[in-house]
Amino acid sequence: MKLFRKKLVRLAAGACFLACLLCGTVYLKHVADYRRAVRETVIEEIDLSQVSNGTYGGEYDVGLVSARVEVTVVGGAITGIRILEHKNDRGGPAEAVVEAIVDQQRIGVDAVTGATNSSTVLKKAVENALRQGL
C-alpha cells in the first residue's frame with residue numbers, strides 16, 4: 001500500500017510539474033506575441049484638415065494592452081479625447097499621452113515614460129478614430 005501511495009504522489013507531482021510548465025510556456029508565448037504586436041504597430045499622422053467635424057470612436061488591441069477612445073474634431077482641430085476603456089495589465093496607464101495629442105494637434109507625440117506600450121496603443125486608437133472622419 002505504501003508503494004502505491006508513493007507512486008501516486010510521484011505521478012501527481014509529475015502531472016503538476018507538467019501543467020505548470022505548459023502554463024508557463026503559454027504565458028511566455030502570449031507575452032512574446034504582445035511585444036511583437038506593439039513593436040510592429042505603425043502610427044501614421046492624419047491630416048486634421050481632412051477630418052470632418054464630429055466625434056469618432058477608435059480602438060486598438062495588442063493583447064495585454066487595449067484602448068477604446070472617442071475623439072472630437074472641430075474645424076480641423078482635435079478638441080477633445082475621451083478614454084472610454086484602457087486595459088493595461090503591464091506598465092503604466094499613459095493617459096497623459098492623449099493630453100499631449102490635443103495640445104500638439106498631432107498623433108506622433110512622445111510616449112509617456114514607463115508606459116511606452118500603453119502610449120502606443122492609445123495613439124493607434126486615436127489614429128483609428130480619426131480615420132473614421134476622413
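Which side chain meets that of Arg131 in a salt bridge, and what is the N to O distance? In this predicted model, the partner is Glu44, and the N to O distance is 3.0 Å. The pair ties together distant parts of the chain, with Arg131 in helix H3 and Glu44 in the loop between H1 and strand E1 (54-61), 87 residues apart. Both ends of this bridge are partly exposed: the relative accessible area is 34% for Arg131 and 42% for Glu44.

Arg131 has a further partner to introduce. A salt bridge also joins Arg131 to Glu127, where the closest N and O atoms lie 3.0 Å apart. These two residues are separated by about one helical turn because they sit 4 residues apart in helix H3. Glu127 counts as buried, since its relative accessible area is 1%, whereas Arg131 is partly exposed. The picture widens with Lys124, as Glu44, Lys124, Glu127 and Arg131 are linked in a network of salt bridges.

In total, the structure holds 7 salt bridges. One of them is found between strands: Glu70 pairs with Arg82, and the closest N and O atoms are 2.9 Å apart. Here, too, the link is between distant parts of the chain, with Glu70 in strand E2 (residues 65-74) and Arg82 in strand E3 (residues 77-88), 12 residues apart. Glu70 is partly exposed, with 26% relative accessible area.

Side chains of opposite charge can pair when their charged atoms come close. Lys123 makes a welcome counterpoint to the pairs above. This residue belongs to helix H3 (residues 116-131). Lys123 is buried, yet no salt bridge is formed, and the nearest side chain of opposite charge, that of Asp110, is 6.8 Å away. As a salt bridge requires the nitrogen and oxygen to be within 4 Å, the absence of a bridge to Asp110 at 6.8 Å is easy to follow. What, then, is Lys123 in contact with, leaving aside its neighbours within four places in sequence? The answer is Ile43, Val97, Ile101, Ile107, Val109 and Ala111.

Positive charge is also found on the surface, where Lys2, Arg5, Lys6 and Arg10 gather in a patch. Lys2, a member of this patch, is located in helix H1 (residues 2-39). With a relative accessibility of 70%, Lys2 counts as exposed, while Lys123 in helix H3 is buried. The two lysines thus offer a friendly pair of reference points for anyone browsing the charged side chains of this model.

How values were computed
Residues are numbered from 1 along each chain as its sequence is written. This is a predicted model: local features need pLDDT of at least 70, side-chain atom pairs count only at pLDDT 80 or more; totals for chains, interfaces and linings use all residues. Side-chain values use heavy atoms; hydrogens and water are left out. Buried means under 20% relative accessible area, exposed over 50%, partly exposed in between (1.4 Å probe, protein chains only). Lys and Arg count as positive and Asp and Glu as negative; His and the chain ends are not counted. Contact means heavy atoms within 4.5 Å. Patches are made of residues with over 30% relative accessible area and no salt bridge: like charges are joined within 9 Å, nonpolar side chains (Val, Leu, Ile, Met, Phe, Trp, Tyr) within 5 Å. Accessible areas come from the Shrake-Rupley method with a 1.4 Å probe; for residues, only the protein chains shown count as cover. The place of a charge is taken as NZ of Lys, CZ of Arg, CG of Asp or CD of Glu.
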